[in-house]
Protein chains: 2
Amino acid sequence: MAQRFVVVMAGGSGTRFWPASRAERPKQFLQIGDSGETLLQATVRRAAALVGKDQVFVVTNARHGEPTREQLPDLPADNVMLEPAARNTAPCIAWAAGRIRRRSADAVIGVLPADPHIGDEKAFAAVLDRALSAAEGGSVVTIGIEPNRPETGYGYVDVGDPAGDGVNHVRAFVEKPTREKAVAFLEAGHYLWNSGMFFFRADTILREVERHLPELGEFVTKCDDAAARGQEAPFVQDAYAGLPKVSIDYGVMEKADDILVVPGSFGWDDIGSWSAAWELARKDGDGNAHGGGEQLSVDSRGCYTTTREGKLVALIGVEDLIVVDTGDALLVVPRDRAQDVREVVDALREGERGEFL
Amino acid sequence: MAQRFVVVMAGGSGTRFWPASRAERPKQFLQIGDSGETLLQATVRRAAALVGKDQVFVVTNARHGEPTREQLPDLPADNVMLEPAARNTAPCIAWAAGRIRRRSADAVIGVLPADPHIGDEKAFAAVLDRALSAAEGGSVVTIGIEPNRPETGYGYVDVGDPAGDGVNHVRAFVEKPTREKAVAFLEAGHYLWNSGMFFFRADTILREVERHLPELGEFVTKCDDAAARGQEAPFVQDAYAGLPKVSIDYGVMEKADDILVVPGSFGWDDIGSWSAAWELARKDGDGNAHGGGEQLSVDSRGCYTTTREGKLVALIGVEDLIVVDTGDALLVVPRDRAQDVREVVDALREGERGEFL
């Protein structure tokens, strides 16, 4: 069996979890809900259980190197790859695939976003195992999430003919749909949510990169040369910012000849807003939940609060509210308007209040 | 003209402004609304403008001596009187009246609670002047506030016959009424709110104390003796906790032969809850107001927020909420339920969470 690796993409810079998420501390570094570990820690833990921690790589922006290493003290230093600049997912994946190929010529790689929630870890592991196995034969494989609602916030995978053992051909990748289309997708039954997880042999993806993104293919070759001279770090430092800013979806997947999809159902949630934090947390009898700190509720229902340890949030007579308290900023918003946090972030940007961003 | 003095009673231990008010920092030490001064500072400033700061005395519990002196650095040290124990208002007023009589035999004294809000300071000064003048003749005088609503949270003064120059006899003091009675009082037109402010000559009140509370009268005499020997402080330290716990209203006023009342209308508010903080603060176009810190509101109306300087409270899509953020506790409550803060305080007491009280 080919040696298996996981690349965790931790490049997020999301503002949907303001004021907890900031420029210096994006979503993947947060504990959302009440799990006691950050999203990044949970993703790496699940990956390490599957392939072993020496085979787990994390790619993140250089400015986030410190929190990444702090949160993952057990990961080998060489496995934390710091991007000198944000160039979207294709350069990040190509760079990691090159490094992994140098370590193991027949490596098979799973690429996972750092920040989704996985409700059923056992089912998740089984689906990942199936996807890695399918990728060993030389295919590019993705995981499609079985939808339970007509979600307009995700891209979809249109599932085609069977390719054996719980794997199908992808007919097409579909952009985020309108509400009407999303309802039709749910009824049609052969559309899955695009999970953003991809699986391939290192040589497969690098061949696809050379074919569709030759400039990036050249970068990988030069990385190999530089690494042979022990000069990879300075080379990447110089060259990375000049790479094309392109996603693996657009740059490679949509152009590849044949992609396979493994359908999965394992309580996946991309945690798009504070509303999801409430949904994922354990609730009391009144439907209230909290992340950090304490909560004391009087005649209140459906609320989520989070603050620092040792601090108390008292709620009286309120419903379906989210209260997020950090050192220098405090947010109060109804659960069903949690996505409007961006309006605050926009206002702070316009007001040049960088200290709060 | 007799020398005029003011005694400010700062004995509050209120919990209605939790989490800003605590056992160690009652309401009078807070900035409520957006005035930039605490309630105690505002009361002393108004009193000093009327009688001069050397003639303003503040009586407070010994445990609050430090914040009192910090907030009133210009007050002579001898004018801050620290009660060794809380004994309600009669002992506090008798003790202060005794000290003032030693300074000026024909002193006339106004006694003011430390923590009401006064909207029209010019009108307030005129009414106080009238009340002090009326007291010079040897009467006990109170101020009655002209009611603008059928308030059930205050006591009332039933106004009797005129006693000349904007002063009337008090027919009776009336306890907090039912809603029905409060409506009838408002219609009747001769009921005023009991402001808790009293005016009298020092010798008048001390004669009344000797008559109705002989034990307390004896305490004042012994204070005079001890002060003559330079031993007032140790004497009070020993004797104070043994004094009867009785209010000036119950112990003296209700038993006095003739009390006069000066009607007043000067934007008086006893600031009974956080709701009053919103009412008194300057609002933006959406009816939002804030005490400390910053506020950023998106599609929100009628809210009041207060936090530490340098911290931002962001509101999205909420209405008529109060948000009070302190170092270790945070309160969220609708404005019309602000009085229910006591339920949180009760729960904390029951749970023996003294660190939050």
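Biologist: Between which two strands of chain A does the loop that holds D320(A) lie?
Modeller: D320(A) sits in a loop of chain A, and this model, it should be said at once, is a predicted one. The residue is partly exposed, because its relative accessible area is 34% and the partly exposed class runs from 20% to 50%. The loop that holds D320(A) lies between β15 (312-316) and β16 (321-325).

Biologist: What is the phi of D320(A), which is not a glycine?
Modeller: Most residues other than glycine have a negative phi. D320(A) is not a glycine, and yet its phi is positive, at about 55°.

Biologist: Is E352(B) buried or exposed?
Modeller: E352(B) is found in the segment after α11 (341-350) of chain B, and although it is not a glycine, it has a positive phi of about 55°. Its relative accessibility is 70%, and since the cut-off for this class is over 50%, E352(B) counts as exposed.

Biologist: What kind of peptide bond joins W18(A) and P19(A)?
Modeller: Most peptide bonds are trans. P19(A) has its place in the loop between β1 (4-10) and α1 (39-51) of chain A, and omega for the bond that joins W18(A) to P19(A) is about 5°. In chain B, where P19(B) is found in the loop between β1 (4-10) and α1, the bond from W18(B) to P19(B) has omega near 5° and is cis. The bond between W18(A) and P19(A) is likewise cis.

Biologist: What kind of axis relates chain B to chain A?
Modeller: Chain B is superposed on chain A, with an RMSD of 0.1 Å, by a rotation of 180° with 0.0 Å of shift along its axis. That relation is the one given by a two-fold axis.

Biologist: Why do the copies meet through the same surface?
Modeller: The reasoning starts from the interface residues of chain B, which are compared with those of chain A. The copies meet through the same surface because the share of interface residues of chain B that are also interface residues in chain A is 100%.

Biologist: How do α3(A) and α6(A) lie to each other?
Modeller: Helix α3 (residues 89-103) and helix α6 (residues 202-212) of chain A pack at an angle of about 135°, with their axes 9 Å apart. The contact is made by I93(A), A94(A), A97(A), G98(A) and R101(A) of α3(A), together with A202(A), I205(A), L206(A) and V209(A) of α6(A), and by class these residues are seven nonpolar, one polar and one charged. The crossing of α3(A) past α6(A) is left-handed. The angle of about 135° therefore makes α3(A), with respect to α6(A), oblique.

Biologist: What is the handedness of the crossing of α1(B) and α4(B)?
Modeller: In chain B, helix α1 (residues 39-51) and helix α4 (residues 121-136) pack at an angle of about 55°, their axes being 11 Å apart, and the two are therefore oblique to each other. R45(B), R46(B) and L50(B) in α1(B) meet E121(B), F124(B), A125(B), L128(B) and L132(B) in α4(B), a contact with five nonpolar, no polar and three charged residues. The crossing of α1(B) and α4(B) is right-handed.

Biologist: Which residues does D258(A) touch, not counting residues up to four places away in sequence?
Modeller: D258(A) is found in the loop between α9 (248-251) and β10 (259-264) of chain A, and with a relative accessible area of 34% it is partly exposed. Leaving out residues up to four places away in sequence, D258(A) touches V140(A) and H169(A).

Methods:
Residues are numbered from 1 along each chain as its sequence is written. Chains are lettered from A and ligands numbered from 1 in the order in which they are written. This is a predicted model: local features need pLDDT of at least 70, side-chain atom pairs count only at pLDDT 80 or more; totals for chains, interfaces and linings use all residues. Side-chain values use heavy atoms; hydrogens and water are left out. Axes are lines fitted to C-alpha atoms, for helices over the stretch in contact, and angles run from 0 to 180 degrees between N-to-C directions. Helices (H or I, at least four residues) and strands (E, at least two) are DSSP runs, numbered from the N terminus. Angles under 35 degrees count as roughly parallel, over 145 as roughly antiparallel, 65 to 115 as roughly perpendicular and the rest as oblique. A crossing is left-handed if the near helix is turned anticlockwise from the far one by less than a right angle, and right-handed if clockwise. Contact means heavy atoms within 4.5 Å. Ala, Val, Leu, Ile, Met, Phe, Trp, Tyr, Cys and Pro count as nonpolar, Asp, Glu, Lys and Arg as charged, and the others, Gly among them, as polar. Copies are superposed by least squares on the C-alpha atoms of residues with pLDDT of at least 70 in both. Buried means under 20% relative accessible area, exposed over 50%, partly exposed in between (1.4 Å probe, protein chains only).
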